[in-house]
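Take a look at the chain below before reading on. Turn it around and follow the backbone from one end to the other.

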Amino acid sequence: MLTSAAIAVEPGQPLQIADITLDDPRDDEILVDVRATGICHTDMSAAAGRLGVQMPVVLGHEGAGVVVAVGSLITSVAPGDRVILAPDFCGRCDQCRTGFTTYCEKSRALIFAGTREDGSTKAHRDGAPVRAGFFGQSSFSRYALVTERNVLKVTTDAPWHELAALACGVSTGAASALLALDVRPAHSFTVFGVGTVGLAAIMAARMAGMRSIIAIDRHPERLELAKTLGATSTLNTDEASDIATALKDLTRGGTDRALDTTGVPALIASAVDALAIRGVCGFVAGMGAHIDIDLGPMLVKGAQLRGIMGGDATGLVFLADLVAAYEAGDYPIDRLITTYPLANINEAFADMASGRTVKPVITFADAG
């Protein structure tokens, strides 16, 4: 299968649009005609060389499209089915068997290596191998090879660009609030950074009936958007000289739950400082970051700081629930999305990095 794709060839360099030859699906693989694919900060980090992903590689891990062909062992989907693509996992290790698939022990191979679990690549260009298995999908390509583990069949006729946006960033934010942090109506909940992940967490908190939801960011327009999506208060980091003190004032002594989506050490430290007794702060970004925290106050308060991968969601289970909630109108993600053709993917990266665009989604011009 000859397919057009955006290829990361050198760290920190623009992606190259070129044709690659994708393998025929193996017995346990599914060929998907990708109609739209979201861009996530993880894609940007990988393209910049911060995640150790070997190149050349086709990135992208928020695909949605139509099944074209299936291997002989596939039973859950058939050609013509509409699907959303999720991160792959092995399904056999202790973490997967207990439901924590985002912590799969094979994630280095299945998520970041861009290959199959056996180390083989899925594509080539001019006779040279191209890694086309990023997160088990590499959906910055018109066609992608996936497995039954990371493909969710959907019956909704929702727009492709909205279905794609649900796959990682929105799912991570919503699951971080509802599953990893277990937010409750009586809690106060603070979100640091209101991009896609942060705004999805705010929407989830609103859906959970929370009465105190604080959004923190440096972009005034994003803070205004956060208010319309469920935030009850906002703080601008460019205007508040002491975020922790301001947050304690807003929450009458400390926030019960906090989620940092920025990976900025100073903001994570502020979040921990502002935790209430037995409060929990989760973070979803910060590869390579280092933070100095005084453990004494955390010990006295019984406070926690923990990393969160994929919101602690289980396989396709939470994604299916999220699609149902989206169909019910609980996640108006259309308000976050700006679409771009594949040819403009580098512009989309730049707009996301600058904050101009909240959620860029690549769409294919001839997608039906």
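This report goes from the whole chain to a sheet, a helix, some unusual backbone spots and a group of cysteines.

## Ground rules

This is a predicted model, in which local features need pLDDT of at least 70, side-chain atom pairs count only at pLDDT 80 or more, and totals for chains, interfaces and linings use all residues. Residues are numbered from 1 along each chain as its sequence is written, and side-chain values use heavy atoms, with hydrogens and water left out.

## The whole chain

The secondary structure comes to 11 helices and 18 strands. Here helices (H or I, at least four residues) and strands (E, at least two) are DSSP runs, numbered from the N terminus.

The radius of gyration of the protein is 20 Å, which agrees with the value near 21 Å for a compact globule of 368 residues. That radius is taken over C-alpha atoms, and the globule rule is 2.2 Å times the number of residues to the power 0.38. Along the principal axes, the C-alpha atoms fill a box of roughly 60 × 40 × 35 Å.

Of the 368 residues, 55% count as buried. Buried means under 20% relative accessible area, exposed means over 50%, and partly exposed lies in between (1.4 Å probe, protein chains only). A contact means heavy atoms within 4.5 Å. Among contacts between residues at least 6 apart in sequence, 68% join residues at least 24 apart.

## A six-strand sheet

Strands of a sheet pair through backbone hydrogen bonds, either parallel or antiparallel. In this model, two strands count as paired if DSSP finds at least two bridges between them.

One open sheet has six strands in the order 13-12-11-14-15-16, with parallel pairing. Its edge strands are strand 13 (233–236) and strand 16 (304–307), and each pairs on one side only. From one strand to the next, the twist averages 15 degrees.

Look at strand 14 (residues 255–260) and strand 15 (residues 275–283). They run parallel and are joined by five bridges. Alanine 258 stands opposite cysteine 281 in strand 15.

Helix 7 (residues 243–250) lies across strand 11, strand 12 (212–217), strand 13 and strand 14. Helix 7 runs at about 165 degrees to strand 13. For such angles, axes are lines fitted to C-alpha atoms, for helices over the stretch in contact, and angles run from 0 to 180 degrees between N-to-C directions.

Now find threonine 190 in strand 11. Threonine 190 counts as buried because its relative accessibility is 0%. Its contacts, leaving aside neighbours within four places in sequence, include Ile214, Leu247 and Ala258.

## A helix with a buried side

In helix 11 (residues 345–354), the buried residues include Ile345, Phe349 and Met352, along with Ala348 and Asp351. They cover an arc of only 165 degrees around the axis, so they sit on the same side of helix 11. The arc is that of the directions from the helix axis to the C-beta atoms.

What do the buried residues of helix 11 pack against? Their partners are strand 1 (2–8), strand 2 (16–22), helix 1 (41–47), strand 17 (337–341) and strand 18 (359–363).

## Unusual backbone spots

Three residues have a positive phi.

| Residue | Phi | Place |
|---|---|---|
| Serine 138 | about 50 degrees | loop between strand 8 (128–130) and strand 9 (143–146) |
| Aspartate 182 | near 50 degrees | loop between helix 4 (160–180) and strand 11 (188–192) |
| Glycine 355 | about 90 degrees | just after helix 11 |

Serine 138 is buried, with a relative accessible area of 2%. Aspartate 182 counts as partly exposed, at 31%.

The peptide bond from methionine 55 to proline 56 is cis, with omega near 5 degrees. Proline 56 is in the loop between helix 1 and strand 4 (57–58).

## Cysteines without a bond

A disulfide is a covalent bond between the sulfur atoms of two cysteines. The rule used here asks for two cysteine sulfur atoms within 2.5 Å. By this rule the count comes to zero disulfides.

Why is cysteine 96 not bonded to cysteine 93? The sulfur atoms of cysteine 96 and cysteine 93 are 3.6 Å apart, too far for a bond. Cysteine 93 is buried, with a relative accessible area of 10%. Cysteine 96 is also buried, with a relative accessible area of 10%.

Cysteine 96 is in helix 2 (residues 94–97). Not counting residues up to four places away in sequence, cysteine 96 touches Phe89, Cys90, Gly91, Thr101 and Cys104. The C-alpha atoms of cysteine 96 and threonine 314 are separated by 8.1 Å, although these residues are 218 residues apart along the chain.
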